[in-house]
Amino acid sequence: MLTIRVANSASDIQACLCIRDEVFIREQGVPEAEEHDSHDEEACHFLALKDGHPVGTARVLLRDNGTIAKIGRVAVLRAKRQQGVGRALIQAIEQDASVTAVQHFALDAQTHALPFYMALGYSAHGDEFMEAGIPHLHMSKANPKRGGSG
Ligand code: COA
C-alpha cells in the first residue's frame, strides 16, 4: 500500500534526507554541499511509504507571501520508480491544506523528467539552465483550486 504523509517527526525527515542522499548524491553525483541547503529547515517535507517503507520524498517552500509553492527535491528510489509514487507525491502536495492560498506551483525540472511533470499539468518556460551539472527547465502550474492562470 502506498501512503504519503507530511514528515513531521525527526525520523520522517531523516528518512526523506536519506532518500535524497541515495538518489541525488550517490545516483546522480550531485555534490553533497549543493544537495544539502539551508532551505531544508523552512521546507515542508513529504514522505512516500510503500508497505511502510520509505520510497520517495519531495519538499515544498512557500514564496511570495504564500502565493507560490516551490516544489523541489522530488526523488523516488530507483527500484520503486514507474509505480506511481512520484505522481502520488506531487498530487499529495497539491492537495495539502498548507497550500490553500497558493496560486501557482513552481519547480525546476531536470529535463529528463519533463514528461513526468507535463503529465501532471505542468508547463515549461524559459531557457534551459544548468544546476549541479544537470540541465533544468522552469515549470509551473496554476493551482486549480484558486483559478490562477499560467
Ligand atoms: N520520463 C518520461 N515519463 C516518465 C518519467 C521519465 N523520466 N518518469 C515517470 N514518467 C511517467 C510515468 O511513465 C507515468 O506515466 P503514466 O501515467 O502514463 O504511466 C507518470 O510519469 C508518473 O510516473 P511515476 O511512476 O509516478 O513516477 P516515478 O515514481 O518513477 O517518479 C521521478 C518520477 C522523476 C521522481 C523519478 O524518476 C526519480 O526520482 N528520478 C530521479 C530523481 C529526479 O530526477 N528527480 C526529479 C528532479 S526534477
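**View 1. The lining of the largest pocket mixes residue classes.** In this predicted model, the lining of the largest pocket is made up of 19 nonpolar, 10 polar and 13 charged residues. The pocket holds about 1,100 Å³ of space. Look towards its centre and you will find Phe24, Val74, Ala75, Ala113 and Tyr117, the closest of the 42 lining residues.

**View 2. Helices and strands together build the wall of the largest pocket.** Strand E4 (68-76) gives the largest share of the lining, with 7 residues. At least two lining residues each also come from H1, helix H2 (32-35), strand E3 (53-63), H3, E5, H4 and strand E7 (134-142).

**View 3. The ligand takes up the space of the largest pocket.** Here the ligand is shown in its place, and the space it takes is the largest pocket. Two or more residues of the shell around the ligand come from each of helix H1 (10-27), strand E4 (68-76), helix H3 (85-95), strand E5 (104-110) and helix H4 (114-118). By class, this shell has 10 nonpolar, 7 polar and 3 charged residues. Among the 20 residues around the ligand, Val74, Val76, Gly84, Gly86 and Arg87 come nearest.

**View 4. Side chains of Arg87, His112 and Gln110 meet oxygen atoms of the ligand****.** Start with arginine 87, where a polar side-chain atom lies 2.5 Å from a ligand oxygen. For histidine 112, the distance between a side-chain N or O atom and an oxygen atom of the ligand is 2.9 Å. Glutamine 110 places a polar side-chain atom 3.2 Å from an oxygen atom of the ligand. As for cover, the ligand taken alone exposes 900 Å², and the protein buries 75% of that.

How values were computed: Residues are numbered from 1 along each chain as its sequence is written. This is a predicted model: local features need pLDDT of at least 70, side-chain atom pairs count only at pLDDT 80 or more; totals for chains, interfaces and linings use all residues. Side-chain values use heavy atoms; hydrogens and water are left out. A residue is near a molecule or strand if one of its heavy atoms lies within 4 Å of it. A polar contact is a pair of N or O atoms within 3.5 Å; within protein, one must be able to donate a hydrogen and the other to accept it, and residues adjacent in sequence count only if both atoms are side-chain atoms. Accessible areas come from the Shrake-Rupley method with a 1.4 Å probe; for residues, only the protein chains shown count as cover. On a 1 Å grid over the protein atoms alone, a cavity is a set of points where a 1.4 Å probe fits but cannot get out, and a pocket is an open set with protein on both sides within 12 Å along at least five of seven lines; lining residues have an atom within 4 Å of a point. A molecule sits in a cavity or pocket if more than half of its atoms lie within 2 Å of its grid points. Helices (H or I, at least four residues) and strands (E, at least two) are DSSP runs, numbered from the N terminus. Ala, Val, Leu, Ile, Met, Phe, Trp, Tyr, Cys and Pro count as nonpolar, Asp, Glu, Lys and Arg as charged, and the others, Gly among them, as polar. Grid points are joined across faces, edges and corners, and a volume is the space filled by probe spheres set on the points.
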